[in-house]
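Got the model open in your viewer? Let's walk through it one selection at a time.

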Amino acid sequence: MRFEPVSHDPRVPQQPGATSIAPPLPPAPNGRHQQTQPPAGVAPPPVAPPPPRPRVDFAVVRELRRELSERLTLWQRGREFDADAEDVERARLAVAVVADYADAVRRAGTPMPAGEERLLLDQVTAELVGLGRLQTLLVDDTIEEVHILGCDQVRITRHGGGVDWADPIADSDDELVEILQAAARRAGATERSLSTSKPTLDLQLPDGSRLAAVFLVSHRPYAVIRKHNTLEVSLDDIAGGRGDLDEMIDPLLRDFLRASMRAGLNIMVAGLAGAGKTTVIRALMDEIPADEPYVLLEESRELLPARRGHKHRAVMSFEAREGHGERGLDGRPAGEVSIADLIPVSLRMGVLRIIVGEVRSREIVPMLQAMTTSRGSMCTIHARTPAGVGERIVELALAHGREMTVDQARRMAGNALDLIVYVTVEDETAIGGRKYRFVSHVEEVIGVGEGSRITTTSVFGPGPDGRAIPRHLPERVRDQLLRVGYDARLLGRWIEAGAGAWQRPRHSRLGARPVAR
């Protein structure tokens, strides 16, 4: 194939979100950085604008992708190969195709910078596997969430709450739909689709991000990507051990949760969307012994990194399957396998722990039933407030069927759950602050009290800045904790002091709040 080089305009404007990297200021004699001021009356030298980020001509990307696809097809003919061999050959051919194009550009007298060549290679590879320009967003670690509102409206939320608008990720809405459909076809073990009969999509992307999309029933195709940059995280990490993570718990709470996992307590992690429930449950899962078998159930895989060599070698990961075609007598699409269907199967797999990524509907009933016969099981649930978790459980349980009653749902929850961990998110970006995510409550479930209400004790509750501090000694689970060497009475002096052991101050724009007693 003969490549025709394209001209590269150095006057290309800077893309949104571009940053410049400047050398650090020299330290002052006192050890602190100081800024050198020009002499009086002398104008400071003009500051050079940061260099523009390289831009990609996507007509070239598509042409190189076609060439790469042709070369890969020729390699595959008459050859036996496995997925790993194909990946290696695809990477080798991609480098060769892009290098040939870069050589053609250089021969035309327009050298291609190494950074631009690398970006072109990334885009060609992404185009071949079906992600297209979406790949540029997935590899940016500063991005937390992406809202795609049609092909040309791409809103980016960065860590800390900053918002940018990115370049279009497709030339048309039809091309955007094709990208989403290609991602669905490559979703993994269970069938996913985005079509006229299934206009919604929910899946995990290869990097672990969560993608939800909809078209036809919306004005334009829409998609939301929630990136998970913390696929592997521990309790030590979220207790301030990693600088790139919020301090979501303090050492007191870390030790309590660690002991709770060793004791095999059943834990429900609750909070609003985006509060950090997934991060917390990942950190709790890290406490499971590496060789212990357990079952992980999810609507779409999100909790366990989709790669080989993960710490937990004995985990059995199940994923729900969407139904397609006509509905049966039970009103469900043919071929559908739900989380509720998988829980009874999990109980026959010879494990003590069952973990459900998120309970959203009638699967909460078999989940609670499983917890009454298991140890160390966990799930997450959406709830607006800590006090609303119990009623949210009842609401979902009633969706199980007419035979379920409010009193029965509460009794099930009271018998099945040991702890409810509530994760709070406070967004102060609108007043010049940032997003704060932290555990604010740990409720011990005592049982069902008067009026058939779920009775709880606040082992940890909000302190002056809203973050959890010790409040009461546990009652029901005290002996279970003692058996694994954790004496909860050590929290007594912290309870008396009305303080926690948080390592970093939280600089809220709203100031301190009174301690709730």
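Start by selecting G271, which sits in strand 7 (residues 267–271). Keep in mind that this is a predicted model. Is G271 buried or exposed? With a relative accessibility of 0%, G271 counts as buried. Now add V425 and check the distance between the two C-alpha atoms: they are 8.1 Å apart, although 154 residues separate G271 and V425 along the chain.

**The nine-stranded sheet**

Next, bring up the sheet that contains strand 7. You should find 9 strands in an open sheet, in the order 9-8-10-11-7-12-13-14-15, with mixed pairing. Colour strand 9 (315–319) and strand 15: these two stand at the edges, and each has a single partner strand, so one side of each is left without a neighbour in the sheet. Look along the sheet and you can follow the twist, which averages 30° from one strand to the next.

Now step through the strands towards the strand 15 edge. Select strand 12 (residues 419–427) together with strand 13; the two are antiparallel and pair over 9 bridges. For a landmark, click T424, whose bridge partner in strand 13 is F438. While you have strand 13 selected, try a surface view: 12 of its 14 residues are buried, so this strand is mostly covered.

Add strand 14 (residues 454–462), which pairs with strand 13 in the antiparallel sense over 6 bridges. Here, G447 has T455 of strand 14 as its bridge partner. Zoom in on the hairpin of strand 13 and strand 14, where 5 residues lie between the strands. Pick G451 in that hairpin and look at its backbone: phi is positive, near 70°.

One more strand takes you to the edge. Strand 14 and strand 15 are joined by 3 bridges, again antiparallel. The pair to click is P462 and its bridge partner in strand 15, A468.

**A salt bridge beside the edge strand**

Stay around there and select R467, in the loop between strand 14 and strand 15 (468–470). Which residue does R467 form a salt bridge with? The partner is E247, with the closest N and O atoms 3.7 Å apart. E247 lies in the loop between helix 6 (235–241) and helix 7 (251–262), so this pair ties together parts that are 220 residues apart in sequence. R467 and E247 are both buried.

**A charged network**

Now select D236, R254, D255, R258 and E287 as sticks: they are linked in a network of salt bridges. Within that group, zoom in on R254 and D255, whose salt bridge has its closest N and O atoms 3.1 Å apart. D255 counts as partly exposed, at 32% relative accessibility. If you'd like to tally the whole structure, it holds 29 salt bridges.

**The six-stranded sheet**

Hide the previous selection and show the other sheet on this tour. It is an open sheet of 6 strands in the order 3-2-1-6-5-4, with antiparallel pairing. Strand 3 (163–166) and strand 4 (200–204) stand at its edges; each has a single partner strand, so one side of each is left without a neighbour in the sheet. Neighbouring strands here are turned by 15° against each other on average, direction ignored.

Inside this sheet, select strand 5 (residues 210–214) and strand 6 (residues 222–226), which run antiparallel and are joined by 5 bridges. Click L211 and you'll find I225 of strand 6 standing opposite.

Then move to R158, which forms a salt bridge with D140, the closest N and O atoms being 3.3 Å apart. R158 belongs to strand 2 (residues 154–158), while D140 is in the loop between helix 4 (134–138) and strand 1, so the pair ties together parts that are 18 residues apart in sequence. R158 is buried, with a relative accessible area of 15%, whereas D140 is partly exposed at 21%.

**Last stop: a pocket**

Finish at the second largest pocket, which holds about 870 Å³ of space. To find its centre, select E144, H159, D246, R434 and R437, the closest of the 35 lining residues. The elements giving two or more residues to the lining are strand 1 (143–149), helix 8 (277–285) and strand 13 (435–448). How many of the lining residues are charged? Colour by residue type and you'll get 16 charged, 10 polar and 9 nonpolar.

Methods. Residues are numbered from 1 along each chain as its sequence is written. This is a predicted model: local features need pLDDT of at least 70, side-chain atom pairs count only at pLDDT 80 or more; totals for chains, interfaces and linings use all residues. Side-chain values use heavy atoms; hydrogens and water are left out. On a 1 Å grid over the protein atoms alone, a cavity is a set of points where a 1.4 Å probe fits but cannot get out, and a pocket is an open set with protein on both sides within 12 Å along at least five of seven lines; lining residues have an atom within 4 Å of a point. Grid points are joined across faces, edges and corners, and a volume is the space filled by probe spheres set on the points. Helices (H or I, at least four residues) and strands (E, at least two) are DSSP runs, numbered from the N terminus. Ala, Val, Leu, Ile, Met, Phe, Trp, Tyr, Cys and Pro count as nonpolar, Asp, Glu, Lys and Arg as charged, and the others, Gly among them, as polar. Buried means under 20% relative accessible area, exposed over 50%, partly exposed in between (1.4 Å probe, protein chains only). Two strands pair if DSSP finds at least two bridges between them. A salt bridge is a side-chain nitrogen of Lys or Arg within 4 Å of a carboxyl oxygen of Asp or Glu. Axes are lines fitted to C-alpha atoms, for helices over the stretch in contact, and angles run from 0 to 180 degrees between N-to-C directions.
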